[in-house]
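Student: I have a protein–DNA model open and want to go through it by question and answer. Where do we begin?

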Protein chains: 2
Amino acid sequence: MTRTDTADAKTRLLDAAEHLFTEHGFAATSVRRIATAAGVPLAMVSYHFGSKKGLMEAVYARALGQRATSRVGYLDRLEKQAGGAPISVDILVEAFISSALRLTHKGTISGAVFKQMIGRAFYEPEAGVEDFFPTEYAEAVERYKCAFMRALPALPVLSEADVVWRMYFFVGMVAYAMAGKDVMRMTEIYALEVAGRPEAMLRRLMPFIVAGFNAPSADLAPTAGVLAAALSA
Amino acid sequence: MTRTDTADAKTRLLDAAEHLFTEHGFAATSVRRIATAAGVPLAMVSYHFGSKKGLMEAVYARALGQRATSRVGYLDRLEKQAGGAPISVDILVEAFISSALRLTHKGTISGAVFKQMIGRAFYEPEAGVEDFFPTEYAEAVERYKCAFMRALPALPVLSEADVVWRMYFFVGMVAYAMAGKDVMRMTEIYALEVAGRPEAMLRRLMPFIVAGFNAPSADLAPTAGVLAAALSA
DNA sequence: GTCTATAAACGGATAGAC
DNA sequence: GTCTATCCGTTTATAGAC
């Protein structure tokens with residue numbers, strides 16, 4: 001007996017939609033199916049949310065809204081505590097990931113579902129959240145960018161392009177992991193311990209990312225080209 | 001006047017489907033739209049491919065089939081040339097990415113479209129290629145895994161779990177970039193030079209990944225926990 | 001082999017009873 | 001406020017003419 005069974009129609013629709021959109025995607029999920037899963041008449045979707053799209057926006061709004069505080073919360077506390085001194089890269093990386101994962105442990109939504117939902121939002125073509133995310137997270141990205149630039153070794157200094165690219169890669173990787181995707185079935189084939197344990201992944205991910213951020217600037221030491229050199233040797 | 005205009009119905013359907021599935025996703029693309037775009041009667045879809053799903057499988061089969069040789073081609077040549085000696089990490093990383101990007105420059109399909117299509121295949125829920133990819137690429141993953149383990153510093157040696165995790169992160173990042181996704185709109189906001197130029201991204205990505213692979217083992221130096229320590233200080 | 005016409009089911013949305 | 005019944009466009013797939 002889950003909470004959904006006793007909640008009101010609106011909440012049950014949101015719960016069902018969240019789950020089904022996450023699992024099958026927006027276009028592939030019909031409102032009929034959502035209403036059936038929620039045990040609610042079809043018309044309640046139009047009544048409460050106006051349209052299918054309205055329902056999806058409500059799903060994201062609920063999920064993100066109630067967690068809005070955690071985007072730069074860690075960073076605020078860290079900067080306050082540091083009192084002007086740079087924050088080290090490893091702490092920034094863990095703060096960034098933790099802000100993402102922490103969404104998993106708060107609020108009414110199942111952590112696993114929410115995590116996948118956000119991961120999916122990154123790839124769903126018609127998701128519509130592509131208009132939502134950037135405005136909501138632009139500040140967080142900018143704040144972390146500045147923090148990373150201050151944290152990284154002064155000489156040879158990384159260009160802003162270097163830092164932003166590395167954050168781009170970082171975000172992409174976290175999205176892939178959060179979406180629970182594993183196209184190569186690597187977690188199966190190599191029995192990676194990941195099921196339901198984001199901490200295990202975090203432990204593996206952190207050194208990888210931290211080292212990446214600390215790599216020499218691509219402006220100064222263009223690494224690409226070694227393949228061609230090796231093959232023509 | 002593109003090639004599509006003169007090709008036969010089957011080919012034109014594949015071309016149109018490839019393009020539309022890539023742009024809008026499987027569920028959101030109707031066969032009518034595909035047939036219209038291809039300038040071909042609707043019934044030709046059933047005739048040639050049996051069903052919508054059959055069409056999609058044909059799209060992937062054509063795209064991947066004709067490029068099957070390039071998955072471990074670089075690695076074969078590198079290992080032959082090295083004659084038993086380990087291949088350095090930077091060369092392996094570039095070979096792996098190049099094998100992915102090289103798909104872009106071969107065959108009949110537009111590079112940009114194919115690239116996005118593969119990227120999409122990683123996230124499309126109903127794509128069905130999740131049964132296809134692992135079997136096709138398991139050998140390549142295993143080969144690269146062995147090569148990376150031989151290339152990485154002997155002491156402290158990375159565990160197989162370390163190496164596989166790092167390949168997992170690597171794959172995820174490449175998938176995100178290949179799908180052309182950018183949820184945070186970072187390429188816009190920070191004017192990253194990426195449009196149509198995978199080489200620019202490669203130059204930025206390589207040092208990041210290489211450094212990540214060379215990071216100390218997560219088994220020996222668990223980095224996670226610095227955030228909690230910093231906040232409780 | 002190719003295509004037109006249509007079937008059969010499903011999609012989102014709503015009118016109007018209660 | 002809540003729900004049943006239905007509208008009507010669109011979907012996939014096919015039957016059958018050419």
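Tutor: We begin with a term: a polar contact is a pair of N or O atoms within 3.5 Å. Keep in mind that this is a predicted model.

Student: Which base atom of DNA strand C does a polar side-chain atom of Arg32(A) approach, and at what distance?

Tutor: The cut-off for a polar contact is 3.5 Å. A polar side-chain atom of Arg32(A) meets that cut-off against strand C. Its partner is a base oxygen, at 3.0 Å.

Student: Which residues of chain A put a backbone atom beside a phosphate oxygen of DNA strand C?

Tutor: One is Lys52(A), where a backbone N or O atom lies 2.8 Å from a phosphate oxygen. In the other, a polar backbone atom is 2.9 Å from a phosphate oxygen of strand C. The names are Lys52(A) and Val31(A).

Student: Of the atoms of DNA strand C within 4 Å of the protein, what percentage belongs to sugar or phosphate?

Tutor: These atoms fall into two groups, bases on one side and sugar or phosphate on the other. Arg32(A) shows a contact to a base oxygen. Val31(A) shows one to a phosphate oxygen. Sugar or phosphate makes up 59%.

Student: Which element gives the most residues to the surface near DNA strand C?

Tutor: Thirteen residues lie around this strand; Val31(A), Arg32(A), Leu42(A), Ser46(A) and Lys52(A) come nearest. By class, the surface has seven nonpolar, four polar and two charged residues. At least two residues each come from helix H2 (31-38) and helix H3 (43-49) of chain A and from helix H3 (43-49) of chain B. The top contributor, with three residues, is H3(B).

Student: Now DNA strand D. Which five of the 13 residues around it come nearest?

Tutor: Both chains appear in this list. Chain A supplies Met44(A). Chain B supplies the other names. The five are Met44(A), Val31(B), Arg32(B), Ser46(B) and Lys52(B).

Student: How far is a base oxygen of DNA strand D from an N or O atom in the side chain of Arg32(B)?

Tutor: Two backbone contacts to phosphate oxygens of strand D can be listed beside it. Val31(B) has a backbone N or O atom at 3.0 Å, and Lys52(B) has a polar backbone atom at 2.8 Å. For the Arg32(B) side chain and the base oxygen, the distance is 3.2 Å.

Student: Which element supplies the largest share of the surface near DNA strand D?

Tutor: By class, this surface has seven nonpolar, four polar and two charged residues. The largest share is three residues. They come from H3(A).

Student: What is the fold of chain A, counted in helices and strands?

Tutor: Read along the sequence, chain A goes from α to α throughout its pattern. Buried residues make up 53% of its 233 residues. The count is twelve helices and zero strands.

Student: Is His24(A) buried or exposed?

Tutor: His24(A) is found in helix H1 (residues 9-24) of chain A. Its side chain makes a polar contact with the side chain of Arg33(A) at 3.2 Å. Buried means under 20% relative accessible area. At 18%, His24(A) is therefore buried.

Student: How much area is buried between chain A and chain B?

Tutor: The size of an interface is often given as the accessible area lost when the parts come together. Here the contact takes 80 residues from chain A and 80 residues from chain B. Trp165(A), Tyr168(A) and Phe208(A) supply 11% of the area that chain A buries against chain B, more than any other three residues. Carbon and sulfur atoms give 72% of the total, which is about 7,700 Å².

Student: Which residue's side chain makes a polar contact with the side chain of Ser159(B)?

Tutor: Ser159(B) sits in the loop between helix H8 (133-151) and helix H9 (160-178) of chain B. At 22% relative accessibility, Ser159(B) counts as partly exposed. Leaving aside neighbours within four places in sequence, Ser159(B) is in contact with Arg204(A), Met149(B) and Asp219(B). The polar side-chain contact, at 2.8 Å, is with Asp219(B).

Key: Residues numbered from 1 in each chain as written. Chains lettered and ligands numbered in written order. Predicted model: local features only at pLDDT ≥ 70, side-chain atom pairs only at ≥ 80, totals over all residues. Heavy atoms only, no water. Near = heavy atom within 4 Å. Polar contact = N/O pair within 3.5 Å; in protein donor to acceptor, adjacent residues only side chain to side chain. Helix = DSSP H or I, 4+ residues; strand = E, 2+ residues; numbered from the N terminus. Nonpolar A, V, L, I, M, F, W, Y, C, P; charged D, E, K, R; others polar. Buried < 20%, exposed > 50% of the residue type's maximum accessible area, 1.4 Å probe, protein only. Contact = heavy atoms within 4.5 Å. Buried area = accessible area lost by both parts, 1.4 Å probe.
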